[in-house]
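Please work through the exercises below with the sequence and the model side by side, and try each task before reading its solution.

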Amino acid sequence: GWVYQNYNIFYDANVNQAVLQGRVNADIDTFSYANMSAGIYTFENKVLGATFSMAAFVPIAYVDLDASLVGQAGSVSVSDSVTGLADISIRPASFYWGFGNWSFNLYENIVAPTGKYDVNDAVNVGLNHWSFDTVFAMTYFNPDTGFDFSMATGFMINTENDDTDYETGNELHIDVMFNQFLSETFALGLKGYYYKQVSGDSGSGAVLGDFEGESYGVGPSLLWVPTTKKGNFSVTASWLHDLDATRRLEADYALVTLNWVFGG
(Lines give C-alpha, C1' and ligand atoms only; values in the text may rest on other atoms or scores of the structure.)
Protein backbone atom coordinates (compact mmCIF):
# COMPACT_ATOMS: atom_id res chain seq x y z
CA GLY A 1 0.00 0.00 0.00
CA TRP A 2 0.83 3.68 0.23
CA VAL A 3 3.22 5.55 2.52
CA TYR A 4 3.45 9.34 2.61
CA GLN A 5 6.55 11.01 4.02
CA ASN A 6 7.14 14.71 4.63
CA TYR A 7 10.72 15.90 5.11
CA ASN A 8 11.66 19.25 6.67
CA ILE A 9 15.35 19.93 5.95
CA PHE A 10 17.28 22.87 7.46
CA TYR A 11 20.81 23.60 6.25
CA ASP A 12 23.26 26.27 7.45
CA ALA A 13 26.79 26.39 6.04
CA ASN A 14 29.86 28.41 5.11
CA VAL A 15 33.04 27.87 3.10
CA ASN A 16 36.03 29.92 1.97
CA GLN A 17 35.87 29.06 -1.74
CA ALA A 18 33.62 27.22 -4.20
CA VAL A 19 32.44 27.27 -7.82
CA LEU A 20 28.78 28.27 -8.25
CA GLN A 21 27.17 28.75 -11.67
CA GLY A 22 30.62 28.36 -13.22
CA ARG A 23 32.08 31.30 -11.27
CA VAL A 24 34.49 31.34 -8.35
CA ASN A 25 32.83 32.46 -5.12
CA ALA A 26 34.63 33.19 -1.84
CA ASP A 27 33.56 33.63 1.80
CA ILE A 28 30.20 31.94 1.28
CA ASP A 29 27.46 31.88 3.94
CA THR A 30 24.23 30.13 3.05
CA PHE A 31 21.00 28.98 4.68
CA SER A 32 18.31 26.83 3.12
CA TYR A 33 15.04 25.16 4.04
CA ALA A 34 13.35 22.48 1.98
CA ASN A 35 9.99 20.79 2.43
CA MET A 36 9.89 17.54 0.49
CA SER A 37 6.86 15.30 -0.02
CA ALA A 38 7.39 11.64 -0.87
CA GLY A 39 4.86 9.10 -2.08
CA ILE A 40 5.90 5.45 -1.77
CA TYR A 41 3.89 2.50 -3.06
CA THR A 42 4.72 -1.06 -2.00
CA PHE A 43 3.41 -3.87 -4.24
CA GLU A 44 1.82 -7.04 -2.90
CA ASN A 45 3.76 -9.46 -5.11
CA LYS A 46 7.45 -10.00 -4.45
CA VAL A 47 10.14 -9.34 -7.07
CA LEU A 48 13.38 -11.37 -6.95
CA GLY A 49 12.23 -12.69 -3.59
CA ALA A 50 12.03 -9.15 -2.21
CA THR A 51 9.30 -6.73 -1.22
CA PHE A 52 9.20 -4.21 -4.09
CA SER A 53 8.31 -0.52 -4.01
CA MET A 54 8.51 2.63 -6.12
CA ALA A 55 8.63 6.27 -4.98
CA ALA A 56 8.80 9.92 -5.98
CA PHE A 57 10.18 12.88 -3.98
CA VAL A 58 9.08 16.47 -4.71
CA PRO A 59 10.93 19.29 -2.86
CA ILE A 60 10.10 22.98 -2.50
CA ALA A 61 13.15 24.91 -1.32
CA TYR A 62 14.25 28.32 -0.05
CA VAL A 63 17.92 29.28 -0.36
CA ASP A 64 19.65 32.42 0.95
CA LEU A 65 23.26 33.22 -0.05
CA ASP A 66 25.87 35.83 0.88
CA ALA A 67 29.19 35.60 -0.97
CA SER A 68 31.97 37.43 -2.80
CA LEU A 69 32.01 36.87 -6.55
CA VAL A 70 35.58 36.73 -7.87
CA GLY A 71 36.27 37.82 -11.46
CA GLN A 72 38.94 39.38 -13.63
CA ALA A 73 38.02 42.86 -12.42
CA GLY A 74 38.19 41.89 -8.74
CA SER A 75 35.55 40.76 -6.26
CA VAL A 76 31.96 41.94 -5.82
CA SER A 77 29.70 41.22 -2.85
CA VAL A 78 26.64 39.16 -3.73
CA SER A 79 23.49 38.64 -1.64
CA ASP A 80 20.50 36.80 -3.05
CA SER A 81 17.67 34.42 -2.15
CA VAL A 82 15.27 32.25 -4.10
CA THR A 83 12.24 30.03 -3.47
CA GLY A 84 10.85 27.43 -5.83
CA LEU A 85 10.60 23.86 -7.00
CA ALA A 86 13.89 22.00 -6.53
CA ASP A 87 15.10 18.84 -8.25
CA ILE A 88 12.58 15.98 -8.17
CA SER A 89 13.85 12.47 -7.38
CA ILE A 90 12.32 9.29 -8.79
CA ARG A 91 12.94 5.87 -7.23
CA PRO A 92 11.90 3.42 -9.97
CA ALA A 93 12.95 0.31 -8.05
CA SER A 94 13.51 -0.53 -4.39
CA PHE A 95 14.03 -4.08 -3.11
CA TYR A 96 13.70 -5.16 0.56
CA TRP A 97 14.85 -8.51 1.92
CA GLY A 98 14.42 -9.68 5.53
CA PHE A 99 16.30 -12.44 7.38
CA GLY A 100 15.51 -12.63 11.09
CA ASN A 101 16.83 -9.49 12.81
CA TRP A 102 18.51 -8.35 9.59
CA SER A 103 16.98 -6.49 6.65
CA PHE A 104 18.55 -5.29 3.42
CA ASN A 105 17.50 -2.67 0.89
CA LEU A 106 18.80 -1.97 -2.63
CA TYR A 107 17.42 0.97 -4.58
CA GLU A 108 18.12 3.49 -7.33
CA ASN A 109 17.39 7.22 -7.13
CA ILE A 110 17.24 9.34 -10.29
CA VAL A 111 17.51 13.09 -9.65
CA ALA A 112 16.00 15.13 -12.49
CA PRO A 113 16.95 18.78 -13.26
CA THR A 114 13.45 20.14 -12.58
CA GLY A 115 14.51 22.84 -10.11
CA LYS A 116 14.47 26.56 -10.83
CA TYR A 117 17.80 27.44 -12.45
CA ASP A 118 19.30 30.48 -14.17
CA VAL A 119 23.02 30.59 -14.88
CA ASN A 120 23.00 34.37 -14.41
CA ASP A 121 21.61 34.16 -10.86
CA ALA A 122 23.91 33.98 -7.84
CA VAL A 123 21.80 31.27 -6.20
CA ASN A 124 19.48 28.56 -7.53
CA VAL A 125 17.38 25.74 -6.07
CA GLY A 126 18.16 23.41 -8.99
CA LEU A 127 21.49 21.86 -10.02
CA ASN A 128 20.69 21.73 -13.76
CA HIS A 129 22.06 18.24 -14.27
CA TRP A 130 20.95 14.63 -13.90
CA SER A 131 22.25 12.39 -11.10
CA PHE A 132 21.98 8.62 -10.60
CA ASP A 133 22.39 7.33 -7.05
CA THR A 134 22.64 3.59 -6.34
CA VAL A 135 22.24 2.76 -2.63
CA PHE A 136 22.61 -0.44 -0.59
CA ALA A 137 21.37 -0.32 3.01
CA MET A 138 21.24 -2.77 5.90
CA THR A 139 19.54 -2.73 9.29
CA TYR A 140 19.95 -4.89 12.38
CA PHE A 141 17.19 -4.67 14.98
CA ASN A 142 17.00 -6.74 18.15
CA PRO A 143 13.44 -6.55 19.56
CA ASP A 144 14.54 -8.08 22.86
CA THR A 145 17.11 -5.37 23.68
CA GLY A 146 15.64 -2.53 21.58
CA PHE A 147 18.99 -1.98 19.85
CA ASP A 148 18.90 -0.84 16.23
CA PHE A 149 21.80 -0.29 13.79
CA SER A 150 21.52 0.93 10.20
CA MET A 151 24.03 1.73 7.47
CA ALA A 152 23.48 2.94 3.91
CA THR A 153 26.19 3.23 1.26
CA GLY A 154 25.53 5.06 -1.99
CA PHE A 155 27.41 5.85 -5.19
CA MET A 156 26.20 8.84 -7.21
CA ILE A 157 27.06 9.52 -10.85
CA ASN A 158 26.54 13.10 -12.08
CA THR A 159 26.12 14.43 -15.61
CA GLU A 160 27.32 17.79 -16.94
CA ASN A 161 25.61 21.12 -16.37
CA ASP A 162 25.37 22.26 -19.99
CA ASP A 163 24.92 25.94 -19.06
CA THR A 164 28.26 26.11 -17.23
CA ASP A 165 30.18 23.24 -18.90
CA TYR A 166 30.80 21.90 -15.38
CA GLU A 167 30.55 18.24 -14.40
CA THR A 168 30.78 17.30 -10.73
CA GLY A 169 32.74 14.10 -10.12
CA ASN A 170 31.21 10.87 -8.89
CA GLU A 171 30.38 10.75 -5.17
CA LEU A 172 30.49 8.13 -2.42
CA HIS A 173 28.28 8.66 0.66
CA ILE A 174 27.86 6.53 3.78
CA ASP A 175 25.24 7.07 6.49
CA VAL A 176 25.29 5.24 9.83
CA MET A 177 22.76 5.30 12.68
CA PHE A 178 22.59 3.67 16.12
CA ASN A 179 19.24 3.70 17.97
CA GLN A 180 18.26 2.47 21.41
CA PHE A 181 14.55 2.08 22.14
CA LEU A 182 13.76 3.31 25.65
CA SER A 183 10.17 2.16 25.26
CA GLU A 184 8.04 0.59 22.54
CA THR A 185 7.35 4.04 21.10
CA PHE A 186 10.48 6.12 21.71
CA ALA A 187 14.14 5.75 20.75
CA LEU A 188 17.26 7.93 21.05
CA GLY A 189 20.19 7.54 18.73
CA LEU A 190 23.41 8.77 17.19
CA LYS A 191 23.77 9.46 13.48
CA GLY A 192 26.88 9.99 11.37
CA TYR A 193 27.89 10.34 7.73
CA TYR A 194 30.95 10.26 5.51
CA TYR A 195 31.19 11.84 2.04
CA LYS A 196 33.98 11.52 -0.52
CA GLN A 197 34.12 12.72 -4.10
CA VAL A 198 35.96 9.85 -5.78
CA SER A 199 36.58 11.47 -9.18
CA GLY A 200 37.47 15.04 -10.08
CA ASP A 201 35.28 17.78 -11.48
CA SER A 202 35.68 18.30 -15.21
CA GLY A 203 34.67 20.54 -18.11
CA SER A 204 35.76 24.03 -19.10
CA GLY A 205 33.82 25.47 -16.14
CA ALA A 206 35.94 23.57 -13.60
CA VAL A 207 38.28 26.55 -13.12
CA LEU A 208 39.51 25.28 -9.73
CA GLY A 209 40.60 21.91 -11.12
CA ASP A 210 39.53 18.53 -9.74
CA PHE A 211 38.17 20.15 -6.54
CA GLU A 212 37.45 16.76 -4.94
CA GLY A 213 35.48 17.26 -1.73
CA GLU A 214 35.42 15.24 1.47
CA SER A 215 33.53 15.65 4.75
CA TYR A 216 32.12 13.81 7.74
CA GLY A 217 29.78 14.67 10.59
CA VAL A 218 27.86 13.32 13.57
CA GLY A 219 24.87 14.25 15.73
CA PRO A 220 21.89 13.04 17.84
CA SER A 221 18.60 11.62 16.59
CA LEU A 222 15.23 10.47 17.95
CA LEU A 223 12.23 8.40 16.88
CA TRP A 224 8.68 8.66 18.24
CA VAL A 225 5.75 6.40 17.32
CA PRO A 226 2.52 7.68 19.00
CA THR A 227 0.49 4.85 20.50
CA THR A 228 -2.77 6.50 19.40
CA LYS A 229 -1.83 5.98 15.74
CA LYS A 230 -1.29 2.21 16.15
CA GLY A 231 2.12 2.33 14.47
CA ASN A 232 0.84 3.97 11.28
CA PHE A 233 2.45 7.34 12.07
CA SER A 234 5.95 8.19 13.26
CA VAL A 235 8.24 11.18 13.71
CA THR A 236 12.02 11.12 13.33
CA ALA A 237 14.37 14.04 13.98
CA SER A 238 18.14 14.40 13.71
CA TRP A 239 20.87 17.02 13.76
CA LEU A 240 24.25 16.63 12.09
CA HIS A 241 27.33 18.80 12.57
CA ASP A 242 30.28 18.65 10.17
CA LEU A 243 33.42 17.76 12.10
CA ASP A 244 35.58 18.34 9.04
CA ALA A 245 35.00 19.49 5.46
CA THR A 246 37.54 19.77 2.65
CA ARG A 247 36.52 21.69 -0.49
CA ARG A 248 32.92 21.55 0.73
CA LEU A 249 30.58 23.75 2.70
CA GLU A 250 31.07 23.18 6.44
CA ALA A 251 27.51 22.77 7.59
CA ASP A 252 24.91 21.96 10.19
CA TYR A 253 21.90 19.91 9.08
CA ALA A 254 18.59 19.41 10.85
CA LEU A 255 15.96 16.99 9.56
CA VAL A 256 12.42 16.30 10.80
CA THR A 257 10.49 13.57 9.00
CA LEU A 258 6.77 12.72 9.34
CA ASN A 259 5.79 9.25 8.14
CA TRP A 260 2.21 8.02 7.45
CA VAL A 261 1.38 4.42 6.50
CA PHE A 262 -1.98 4.01 4.74
CA GLY A 263 -1.86 0.24 4.34
CA GLY A 264 -2.96 -1.88 1.40
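The exercises that follow concern a predicted model, and each solution goes step by step.

**Exercise 1. Salt bridges**

Find how many salt bridges the model has, and state which side chains meet in them.

Solution. Begin with the cut-off, since a pair counts here when a side-chain nitrogen of Lys or Arg lies within 4 Å of a carboxyl oxygen of Asp or Glu. By this rule the count is two salt bridges. One of them joins the side chains of Asp121 and Lys116, with 3.9 Å from N to O. The other is formed by the side chains of Lys196 and Glu214, where the N to O distance is 3.8 Å. This second pair links distant parts of the chain, for Lys196 belongs to strand E10 (residues 186-197) and Glu214 to strand E11 (residues 214-224), 18 residues apart.

**Exercise 2. Buried, partly exposed or exposed?**

Decide which class of accessibility fits Asp121, Lys116, Lys196 and Glu214.

Solution. The cut-offs needed are that buried means under 20% relative accessible area and exposed means over 50%, with partly exposed in between. Asp121 has 23% relative accessibility, so this residue counts as partly exposed. Lys116 has a relative accessible area of 39% and is therefore partly exposed as well. For Lys196 the value is 25%, which again means partly exposed, and Glu214, at 28%, is also put in the partly exposed class.

**Exercise 3. A charged residue without a salt bridge**

Describe the surroundings of Glu171: where is this residue placed, and which side chains does its own side chain meet in polar contacts?

Solution. First locate the residue, which lies in strand E9 (residues 171-181). Next look for a partner of opposite charge: Glu171 is buried yet has no salt bridge, and the nearest side chain of opposite charge, that of Arg248, is 4.9 Å away. Then turn to the polar contacts, of which one, at 2.9 Å, is with the side chain of Asn158, while another, at 2.6 Å, joins Glu171 to the side chain of Tyr195. Finally, when neighbours within four places in sequence are left aside, the residues in contact with Glu171 include Gly154, Phe155, Met156 and Lys196.

**Exercise 4. From strand to strand**

Follow the pairing of strands E10, E11 and E12, and state which residues stand opposite Trp224.

Solution. Start with E10 and E11, which pair in the antiparallel sense over eleven bridges; in this pairing Phe186 stands opposite Trp224 in E11. Continue to strand E12 (residues 233-246), which runs antiparallel to E11 and is joined to that strand by nine bridges. Here Trp224 stands opposite Val235 in E12. As a last step, consider Phe181 in strand E9, which touches Phe186 and Leu223, among other residues more than four places away in sequence.

**Exercise 5. Apart in sequence, and in space**

Compare sequence separation with C-alpha separation for two pairs, Phe181 with Thr145 and Asp210 with Gly200.

Solution. Phe181 and Thr145 are 36 residues apart in sequence, and their C-alpha atoms are 8.0 Å apart in space. Asp210, which is placed in the loop between E10 and E11, is ten residues from Gly200 along the chain, and 4.1 Å separates their C-alpha atoms. Leaving aside neighbours within four places in sequence, Asp210 is in contact with Gln197, Gly200 and Asp201. Its relative accessible area is 47%, so Asp210 is partly exposed.

Conventions
Residues are numbered from 1 along each chain as its sequence is written. This is a predicted model: local features need pLDDT of at least 70, side-chain atom pairs count only at pLDDT 80 or more; totals for chains, interfaces and linings use all residues. Side-chain values use heavy atoms; hydrogens and water are left out. Buried means under 20% relative accessible area, exposed over 50%, partly exposed in between (1.4 Å probe, protein chains only). Helices (H or I, at least four residues) and strands (E, at least two) are DSSP runs, numbered from the N terminus. Lys and Arg count as positive and Asp and Glu as negative; His and the chain ends are not counted. A polar contact is a pair of N or O atoms within 3.5 Å; within protein, one must be able to donate a hydrogen and the other to accept it, and residues adjacent in sequence count only if both atoms are side-chain atoms. Contact means heavy atoms within 4.5 Å. Two strands pair if DSSP finds at least two bridges between them.
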